[in-house]
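Colleague: Please put the model on screen. I have some questions about it, and short answers will do.

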Amino acid sequence: MIALAARPFEFALAPGRAALVVIDMQRDFIEPGGFGASLGNDVGRLRPAIAPIAALLAAWRARGWPVLHTRECHRSDLADCPPAKRERGRPALRIGDVGPMGRVLIAGEPGAEIIPELAPARGEWVVDKPGKGMFCNTCLPEGLHARLQAAGIAQLVFTGVTTEVCVQTSMREANDRGYECLVVEDATESYFPEYKAAALAMITAQGGIVGWSAPSGALLAALEAAAPRR
Ligand code: TIU
């Protein structure tokens, strides 16, 4: 176990059994003209998470540890997109409409791709999810939980966007399935700094009711000290 100073108290990271989870670092959320922008958001606010996530990806890859990327996206026929989700917020562009990066939030379109800075490497898991949470109707028929269990993964280290929407939803789903969850404070961002702060506070409140949090610097330093690169 690797001891990591975290909130609300120390996190014991299990080498090789902790997957790095990168939530929805897609062009549709981070670049102008995509889904995030269509909801009226300032997409530039998410960019500070990119460099810390890249550093964590390098650390996980150097040790041969599991990495899982998610993408929020839908089938081209929208069969997996509830009408209530498509209409929500009266966006300028709805899911499935044609925008500057192709059809908004549709699998295979340029906007649904992960940004090039954080492109998945060969062998890494890429999970397409129709909802905000990573366990909702993913990796069917057996489901994501069964696949993670089969791979011996017991802990999930969360990064990505946005903190209070897809990161927090996925972390809560994972916590209820028995995973020990850590969110990396500077490797996640929100369009709303106050919602990011509130999400991190509510995750770690009550003795870590949903999980732990720590900055990437502390995590990377703990790994360097305790787990040599391959
Ligand atoms: N709108 C917003 O903050 N987030 C999402 O719709 N999806 C994710 O968080 N990935």
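**Cysteines, fold and backbone**

Modeller: To begin with the sulfur atoms, the structure holds 0 disulfides, a disulfide being a pair of cysteine sulfur atoms within 2.5 Å. This is a predicted model, in which local features need pLDDT of at least 70, side-chain atom pairs count only at pLDDT 80 or more, and totals for chains, interfaces and linings use all residues. Residues are numbered from 1 along each chain as its sequence is written, and side-chain values use heavy atoms, with hydrogens and water left out.

Colleague: Which cysteine sulfur is nearest to that of Cys73?

Modeller: Cys73 takes part in no disulfide. Its nearest cysteine sulfur lies 11 Å away and belongs to Cys81.

Colleague: Is Cys73 buried or exposed?

Modeller: Cys73 is found in the loop between strand 4 (67–72) and helix 4 (83–87). Helices (H or I, at least four residues) and strands (E, at least two) are DSSP runs, numbered from the N terminus. Buried means under 20% relative accessible area, exposed over 50%, and partly exposed in between (1.4 Å probe, protein chains only). With a relative accessible area of 4%, Cys73 is buried.

Colleague: Which residues does Cys73 touch, not counting residues up to four places away in sequence?

Modeller: A contact here means heavy atoms within 4.5 Å. Gly89, 16 residues along the chain from Cys73, has its C-alpha atom 17 Å from that of Cys73. The residues that Cys73 touches are Asp80, Leu105, Ile106, Ala107, Ala112, Asp128, Lys129 and Pro130.

Colleague: Why is the sulfur of Cys181 in no bond with that of Cys166?

Modeller: Cys181 counts as buried, at 1% relative accessibility. The closest cysteine sulfur to that of Cys181 is in Cys166, and it is too far for a bond because the separation is 15 Å.

Colleague: How many helices and strands does the protein chain have, and what is its radius of gyration?

Modeller: The secondary structure comes to 8 helices and 10 strands. The radius of gyration is taken over C-alpha atoms, and the globule rule is 2.2 Å times the number of residues to the power 0.38. For 230 residues that rule gives 17 Å, and the chain is close to it, so it is as compact as a globular protein of that length, with a radius of gyration of 17 Å.

Colleague: What percentage of the contacts between residues at least 6 apart in sequence join residues at least 24 apart?

Modeller: Along its principal axes the C-alpha trace spans about 50 × 35 × 30 Å, and 52% of the 230 residues count as buried. Of the contacts between residues at least 6 apart in sequence, the share joining residues at least 24 apart is 74%.

Colleague: Where are the cis peptide bonds of Pro8 and Thr162, and what is omega for each?

Modeller: Pro8 lies in the loop between strand 1 (2–4) and strand 2 (11–13), and its cis bond to Arg7 has an omega of about 0°. Thr162 lies in the loop between strand 8 (155–161) and helix 6 (163–176). The cis bond joining Val161 and Thr162 has an omega of about -15°.

Colleague: Is Leu105 buried or exposed, and what is its phi?

Modeller: Leu105 sits in the loop between strand 6 (102–103) and strand 7 (125–129). At 0% relative accessibility Leu105 counts as buried. Although not a glycine, Leu105 has a positive phi of about 60°.

Colleague: Is Asn137 buried or exposed?

Modeller: Asn137 is in the loop between strand 7 and helix 5 (144–150). Its phi is positive, near 55°, in a residue other than glycine. At 52% relative accessibility, Asn137 counts as exposed.

Colleague: How far apart in space are the C-alpha atoms of Ala54 and Leu118?

Modeller: Ala54 belongs to helix 3 (residues 50–63) and is partly exposed, with a relative accessible area of 31%. Leu118 is 64 residues away along the chain, and the C-alpha separation is 6.2 Å.

Colleague: And how far apart in space are Ala225 and Glu10?

Modeller: Ala225 is found in helix 8 (residues 216–226) and is exposed, at a relative accessible area of 72%. Ala225 and Glu10 are 215 residues apart in sequence, and C-alpha to C-alpha the distance is 16 Å.
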